[in-house]
Structure formats: structure tokens, C-alpha cells
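Welcome! Take a look at the structure below, and then we will walk through some of its features together.

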Amino acid sequence: MITRPRALMARWTTAVPVAAIVLLVLTWGRDLPGAVVALATLVLAAAVLAAVHHAEVVAHRVGEPFGSLVLAVAVTIIEVALIVTLMADGGDKSSTLARDTVFAAVMITCNGVVGLSLLAASLRHRTAVFNPEGTGAALATVATLATLSLVLPTFTTSRPGPEFSTLQLTFAALSSLVLYGLFIATLTVRHRDYFLPVTRQGRAITAEDHADAPSSRTALISLGLLGLALIGVVGLAKGVSPTIEEGVDAAGLHHAVVGVIIALLVLLPETIAALRSARRDRVQTSLNLALGSSMASIGLTIPAVALASVWLPGPLVLGLGPVHMVLLALTVVVASLTVVPGRATPLQGGVHLVLFAAYLELAINP
């Protein structure tokens, strides 16, 4: 009786990523009718669940904090490829695409994912416990990357508008790579224990004892299927985006809502994985996923678009407007106060979710 559900799980989580890739190949670059859009949406949702499953298999094999890093980096690399592809298509709105996508990722991860994780863990276990040293270091890196890449362009004077000059953009790209590389070294080598889940007494949990780790062969297969699932998620999200754009325009909403919807779809695997970890009282893993994804989104996207801007047409607008800068500053302050104690109640989770709701409301009604 136990073997059959496991066999069914293995079958559908293997079949769905392949089906997503097949559907992506058949629909890429084509105008899709409503029935195909509905099918793509269903396959996309199934691919998200399959990606979460395979990410958890890989994470269980390699252990924390490497497991959360795998999903964060994999999603971000594919997200960067999607951004560059959309920017290459040109259009009047492509100049702000990188900025809008990166800022949406920061707000979704630092407020939406963090808030949901803290709320889920604290409601289930009274308080959410995590390591303030590792989480604080990650938050400081995110704040620095966001300020250097998204805030400073608004105030520089070398070029008119919220744009970097070539030298400034090069510096921002190199700084992003250096900071992200330093964080990876801290996460995986020198201070790995700062990013491990902790017990109620504050001791690091170095191993999971609820199940045996999968074999290397199983983990490698899951890693390959994870890549296929994520490519399917991002590619199908791009495929259904014209329909989303038409719906947004028909509803009279601001065009930035499209970027928010796409970012929500792309980050859905990490959100589900973070919630599952939070319910298991592994809040540090949830925070690693959230802040690691935010950091990877900035640290990999900015260098990629800086390089792509050499041949892409049109300007590259990175500077945020006043409203978004206020939201970013408030997010950094609130997140800092959340991190310092090393534990959180439902109040802190609710505060982050309210900030996320404010971001969504202002995206719909700027």
C-alpha cells in the first residue's frame, strides 16, 4: 500500500517535466488559442509541483544549505535567460523589464515568501526560530545589491533619466558578482553552520533523521528533471504572457501587473518549498530560499543584462521611482527588525505580508 503511492509519485513527477518541455517546443513563438493557453496553464502548475518535489529530493541528498541554493540558483538562471529573451524582442516597454522583474522578485521573496513562512511556522509551532547571524548576513547582501543596482541609477547624473553610464553599469555588474560570490563562499564553505536550521534551543541541525537520504543516482535524475521542470515553468509562463497582457489591458490595469504575475509564476516553486520547510519547523531553510532567491535575482540578472545591453536595442532603465524606493527602504528596515531576535511570531509574518499586499496594490493602482 505504501509502495503504490510512491510509485505513482515517481511516475507523474517524471512525466510532467518531459510533457512540459514537449508542450513548450510545440507552442514556442506561436499565437495560442484559448484552449491551448488553458492546457499550458495546467501543465505549468503541474511542472511547479514536480519542480518542488525534485528540489526536495536533491536538497535531502546534499543537505542544507546546499539544497536551498540549488533551487534558488536554478530558477534564477532560467529567469535571467527569459528576461534577456524578452528584452531582445524589443518594444517600448523592454527598457524597464529587468528593473521591474528584479524588484518584483525582491518584494515577492523578502515580503511574500518570508511573511508566509514566518506565519506558517509561528502558527504551527507558536514561534518561528532561525539563525540571526546567517539571515542577517543574507539580508545585508540583498539590501546592498538592491541599493547599488536599483536605487543609485535614479540619482546619478552621467545620463539623463534613471540610467547608469557604461562605467557605472560595469561597476554595478562586477559588484553584484563579487558580493554574490562572497555570499556563496560564506554559505557553503566558511560559515555553513550559520545557515543550517536550528532547534528551539538554538543548536544547528546538521542532519535530517526522518528518512534516509536518496542515492546519488536518484539525486542526479531529480536534478536533471528539476532543470527540465524549471525550463518548462519559465517557458510556458512566457507563452501564456500575451494572454495575460491582453487581460491586463482589457481590465485597464497598469502594465507592471504583467511583470508581477510572471514573477509570481516563476517563483512559485520556491514559495511552495519554503512553506513546506516552514511547516516542518525548518524556518532557516525557508529564509535561505527567500533571501537566496532575491540575492541571485539581482546578482545574476544585473551582470547578464549589463552584458546583453551591448547589443540589445534601446536604453536600460534600472532606477526605481519614489514609491518603490519607499517600499524597498521599509522592507529593509522591517526585515532587519524581524531578523535581529532570531525568532518571530505571527505578527512579524503579518507585517511582511501587509507590505507585500501594499506592493501588489500599488502595482495595480500606482
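Let's begin with one side chain: Phe183 has a relative accessibility of 8% and so counts as buried, since the cut-off for that word is under 20%. Please keep in mind that this is a predicted model. From Phe183 we can move on to its ring partner, then to a second aromatic pair, a serine and the cavities.

**Aromatic pairs**

- How many aromatic pairs does a search of the whole structure find? The search finds two.
- Phe103 and Tyr359 make up one of them, with 5.6 Å from centre to centre and 75° between the planes, an edge-to-face arrangement.
- This pair links distant parts of the chain, as Phe103 sits in helix H4 and Tyr359 in helix H12 (residues 346-364), 256 residues apart.
- Are Phe103 and Tyr359 buried or exposed? Both of these residues are buried.
- Phe183 pairs with Phe195: their ring centres are 5.6 Å apart and their planes stand at 85°, so this pair is edge-to-face too. The reasoning rests on the angle, because planes over 60 degrees apart count as edge-to-face.
- Phe183 belongs to helix H6 (residues 166-190), while Phe195 is found in the loop between H6 and H7, 12 residues apart.
- Why does Phe195 count as buried? Its relative accessible area is 1%, and buried means under 20%.

**A buried serine**

- Where does Ser222 lie? You can find Ser222 in helix H7 (residues 216-250).
- Ser222 has a relative accessible area of 5%, so this residue is buried.
- Setting aside neighbours within four places in sequence, Ser222 is in contact with His54, Val57 and Val58.

**Cavities**

- Here is a helpful general idea: rolling a probe the size of a water molecule over the atoms shows where empty space is left.
- In this structure there are three cavities of 30 Å³ or more, and the largest has a volume of about 90 Å³.
- Which elements give two or more residues to the lining of the largest cavity? They are helix H4 (97-125), helix H5 (132-155), helix H10 (283-308) and helix H11 (322-339).
- Residues lining the largest cavity include Cys110, Phe130, Thr135, Leu287, Thr338 and His352.
- Sorted by class, this lining has nine nonpolar residues, three polar ones and no charged ones.
- Helix H4 is worth a second look: this helix holds Phe103 of the aromatic pair, and helix H4 also gives two or more residues to the lining of the largest cavity.

Note on methods:
Residues numbered from 1 in each chain as written. Predicted model: local features only at pLDDT ≥ 70, side-chain atom pairs only at ≥ 80, totals over all residues. Heavy atoms only, no water. 1 Å grid on protein atoms, 1.4 Å probe; cavity = no way out; pocket = protein on both sides within 12 Å on 5 of 7 lines; lining within 4 Å. Points joined across faces, edges and corners; volume = space filled by probe spheres on them. Helix = DSSP H or I, 4+ residues; strand = E, 2+ residues; numbered from the N terminus. Nonpolar A, V, L, I, M, F, W, Y, C, P; charged D, E, K, R; others polar. Buried < 20%, exposed > 50% of the residue type's maximum accessible area, 1.4 Å probe, protein only. Contact = heavy atoms within 4.5 Å. Phe/Tyr/Trp six-rings, centres within 6.5 Å; stacked < 30°, edge-to-face > 60°.
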